[in-house]
Amino acid sequence: MFSIKRLKEILNMLPKEVNPRIGGSCALYFYGAVDTYRDVDIIVDSIDGIDLPFPKIEFTHHKRLNRGIKYCIDGKEVDILEKLSYVSVIVHSTISELTFEDINEVYRTKKLINDFINNKE
């Protein structure tokens, strides 16, 4: 798990215009909905032009609902993923000065991904 300071550093490496915010299980961890998280998903409006100075990791699932880039940062997986929401304005939350995807959007996105995976098989 990353420290709050390190999460802030990683978010600050991304251009502000892509609206970076933490999503997935890491967001749920900070909301208190889960006890731990395995990796960090950073949600952005677009991955175009993003190139962080860390080793890239190939996605294991090549068929995806959204575009993304997977990095190895400090020995941990960090996914930079384009938003799946078609809603033009999403409420974000700030916890410990970090910006997070709204908890309802996290759950909605997880359901979309799970439905997509289950329908592929």
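Lys5 and Asn12 are the exposed residues on the face of H1 that points away from its buried side. The model is a predicted one, and helix H1 (4–12) is a handy place to start reading it.

On the inward side, H1 buries Arg6, Leu7, Ile10 and Leu11. These four lie on the same side of the helix because the arc they cover around the axis is only 140 degrees. That fits the usual pattern: an α-helix has 3.6 residues a turn, so residues three or four places apart point the same way. The cover over this buried side includes strand S1 (21–23), along with H2, S2, S4 and S7.

Leu7 deserves a closer look. Beyond its neighbours within four places in sequence, Leu7 makes contact with Phe2, Ile22, Cys26, Phe30, Tyr37, Val40 and Leu98. Leu7 is also one of the residues that touch the most other members of the largest nonpolar core, together with Ile42, Ile50 and Ile80. That core holds 27 residues. H2 is its biggest contributor, giving four residues. The elements that each supply two or more residues to the core are these:

| Element | Residue range |
|---|---|
| Helix H1 | residues 4–12 |
| Helix H2 | residues 24–31 |
| Strand S2 | residues 40–44 |
| Strand S4 | residues 68–73 |
| Strand S5 | residues 76–82 |
| Strand S7 | residues 98–101 |

Now for Ile4, which also sits in H1. Is Ile4 buried or exposed? Neither label fits, because a relative accessible area of 30% makes Ile4 partly exposed; buried would need a value under 20%, and exposed one over 50%. Setting aside neighbours within four places in sequence, Ile4 is in contact with Phe30, Ser96 and Leu98. Phe30 and Leu98 also turn up among the contacts of Leu7. And although Ile4 and Glu97 are 93 residues apart in sequence, their C-alpha atoms are 8.7 Å apart in space.

How does that play out over the whole chain? Of the contacts between residues at least 6 apart in sequence, 56% join residues at least 24 apart. The protein chain has three helices and seven strands, and reading from the N terminus their order is α-β-α-β-β-β-β-β-β-α. The chain has 121 residues, and 40% of them are buried. As for the outside, the accessible surface is about 7,200 Å², with carbon and sulfur atoms accounting for 52% of that.

How values were computed: Residues numbered from 1 in each chain as written. Predicted model: local features only at pLDDT ≥ 70, side-chain atom pairs only at ≥ 80, totals over all residues. Heavy atoms only, no water. Buried < 20%, exposed > 50% of the residue type's maximum accessible area, 1.4 Å probe, protein only. Contact = heavy atoms within 4.5 Å. Areas by Shrake-Rupley, 256 points an atom, 1.4 Å probe, with all protein chains shown as cover. Core = buried A, V, L, I, M, F, W, Y, C linked by side-chain atoms within 4.5 Å. Arc of directions from axis to C-beta.
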